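Subject: Structure for your review

Dear colleague,

Please find below the sequence and structure that I am handing over to you. My findings follow directly after it.

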Amino acid sequence: MVQDYFERRIRLYSVEFRMLCKDGSWKWIRARGMVVARDKDDKPIRMVGTHTDLTDRKKTEADMLDLKEKLRQSELLSALGHVVGGVAHEINNPLAYVSGNLELLDEALERMPPDQVQELRELVLDARSGTDRVRVIVGDLKLISRIDEDERNVVDVRLVLDATVKLAANEIRHRAQLVRDYADVALIDASESRVGQVFLNLVVNAAQAIPVGNASTNEIRLTTRTGANGEVVVEVKDSGAGIPPEVRGRVFEPFFTTKPVGEGTGLGLSICHGIVTALGGTLTVESEVGAGSTFRVVLPPSSRSASGTPAAPAPAHVAIRRGRVLVIDDEPGICRTLRRALSPEHDVTAMVDARAALALIQEVRAVVRGMTR
């Protein structure tokens, strides 16, 4: 860059570089300069410039980025804190009947004749239904709570909204009726966890804007639609008290909150605004005192194909050759489950002791070597 400057390609130069000092430390330096006099051959003979130590500034910028990320994580944990009771409730319900059905199954096995298995099948199906519910709930929670994930993928906002609603169900059920008004929309390029954090904050805020006790007369409406230029529009509308005009313009400011002391950090909407802006979108609010509020997220559609990779053709039927399988896991229940699943087609040995399993492998290997000599 300095050579370009000398050759009059640019008027000024400004470069940043790291410099090793005598004491062994490294410093960030910004060098700026310009020529103030040239000779008759147009070669520079006098120049002025400055060297500025940027080390402290660079450290401050890095600390601010670190603080911003910690604040974002703190706000996410705060939002999850509002729904953790509901999540525990949703998990405990299916776990309760899974546990109860398994107890009934154990009792039924002791008293039931071999030819009467229909009741057993119903108990097993009911238990499997409960475990499927638990799996879905945990998956939804993981989707929202991956605080370190920022990889962008093709995302369907309707699926993220549904996962969010499940987590916030306990906040909603005693305050309002939930209405889904989903129209077909394009996919977006985003991190599911970041978008989920935005929707979770907006849905929880909508619920908290409505007092407990009149759920049948209040409403939280989730809407998806396509904007005039193909954008993906998501609206979270509540029938709460609304936001007064004097504070409406400040709702996206960091640390601004209308909640009582100890109930809000004032970072939720600010962080949501930052996430949406980073995705190339906008987050706005419309509100009228006594008539509720509508928070509107507008995001650009994905630039990638939604078709994805075509599914691979189903493999042709291949006869299974019976083999010997060694299952090693320190959880006895997993060993038993795998042994039951594999035993119809293979000879299965399940072990919880890794050292004993290694000794068995070495013993079998020695036998095989002896047979091949």
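I begin with a single residue. V165 has a relative accessible area of 6%, so it counts as buried. Please keep in mind throughout that this is a predicted model. V165 belongs to helix α4. Leaving aside residues up to four places away in sequence, V165 is in contact with L178, R180 and L222. The C-alpha atoms of V165 and L200 are separated by 7.7 Å, although these positions lie 35 residues apart in the count along the chain.

**The chain as a whole**

The protein chain contains 10 helices and 12 strands. Of its 373 residues, 31% are buried. If one takes the contacts between residues at least 6 apart in sequence, 62% of them join residues at least 24 apart. The chain exposes about 23,800 Å², and carbon and sulfur atoms supply 54% of that area.

**The nonpolar core**

The largest nonpolar core has 40 residues, and the members that touch the most others are I188, V198, F199, L202, I220 and V297. Several helices and strands each supply at least two residues of this core: the helices are α4 (157-167), α6 (192-208) and α8 (268-278), and the strands are β6 (188-190), β7 (219-226), β8 (232-238), β9 (282-288) and β10 (292-299). The element that gives the most is α6, with nine residues.

Helix α6 therefore deserves a closer look. In it, 14 of the 17 residues are buried, so the helix is largely enclosed by the rest of the structure. From its first C-alpha to its last, α6 reaches 24 Å, which is close to the 24 Å expected at 1.5 Å a residue.

What does L202 touch, not counting residues up to four places away in sequence? Its partners are V236, L269, L283, F295 and V297.

**Salt bridges**

Side chains of opposite charge can pair when their charged atoms come close. A search of the whole structure finds 12 salt bridges, and I describe three of them here.

In one, the side chains of R158 and D184 meet, with 3.0 Å from N to O. R158 lies in helix α4 and D184 in the loop between β5 (177-182) and β6, so this pair ties together parts that are 26 residues apart in sequence. D184 counts as exposed because its relative accessibility is 65%.

Another joins D162 to R180, whose closest N and O atoms are 2.9 Å apart. This pair also links distant parts of the chain, since D162 is in helix α4 and R180 in strand β5, 18 residues apart. Are these two residues buried or exposed? Neither word applies: D162 is partly exposed at 23% relative accessibility, and R180 is partly exposed at 44%. R180 was named above as well, as one of the residues that V165 touches.

A further salt bridge is formed by E235 and R296, with 2.6 Å between the closest N and O atoms. The two residues are 61 apart along the chain, E235 in strand β8 and R296 in strand β10, and the pair links these distant parts. E235 is buried, with a relative accessible area of 12%, and R296 is buried at 16%. Salt bridges that share partners join R225, E235, E286 and R296 into one network.

**A residue in strand β10**

Strand β10 also holds T294. Its relative accessible area is 10%, so T294 is buried. Not counting residues up to four places away in sequence, T294 touches E235, V236, K237, T284, V285 and E286. Two of these, E235 and E286, are members of the salt-bridge network, and V236 is also touched by L202.

**A nonpolar patch on the surface**

Nonpolar residues are found on the surface too: L12, M34, V36 and V48 form a patch there, with about 340 Å² of accessible area together. V48 is placed in strand β3 (residues 44-53). With a relative accessible area of 42%, V48 is partly exposed.

As you go through the structure, I suggest that you start at V165 in helix α4, continue to L202 and its contacts, and then turn to the pair of E235 and R296.

With kind regards

Note on methods:
Residues numbered from 1 in each chain as written. Predicted model: local features only at pLDDT ≥ 70, side-chain atom pairs only at ≥ 80, totals over all residues. Heavy atoms only, no water. Core = buried A, V, L, I, M, F, W, Y, C linked by side-chain atoms within 4.5 Å. Buried < 20%, exposed > 50% of the residue type's maximum accessible area, 1.4 Å probe, protein only. Helix = DSSP H or I, 4+ residues; strand = E, 2+ residues; numbered from the N terminus. Contact = heavy atoms within 4.5 Å. Patch = residues over 30% accessible without salt bridge, like charges linked within 9 Å, V, L, I, M, F, W, Y side chains within 5 Å. Areas by Shrake-Rupley, 256 points an atom, 1.4 Å probe, with all protein chains shown as cover. Salt bridge = Lys/Arg side-chain N within 4 Å of Asp/Glu carboxyl O. Expected span 1.5 Å × (residues − 1).
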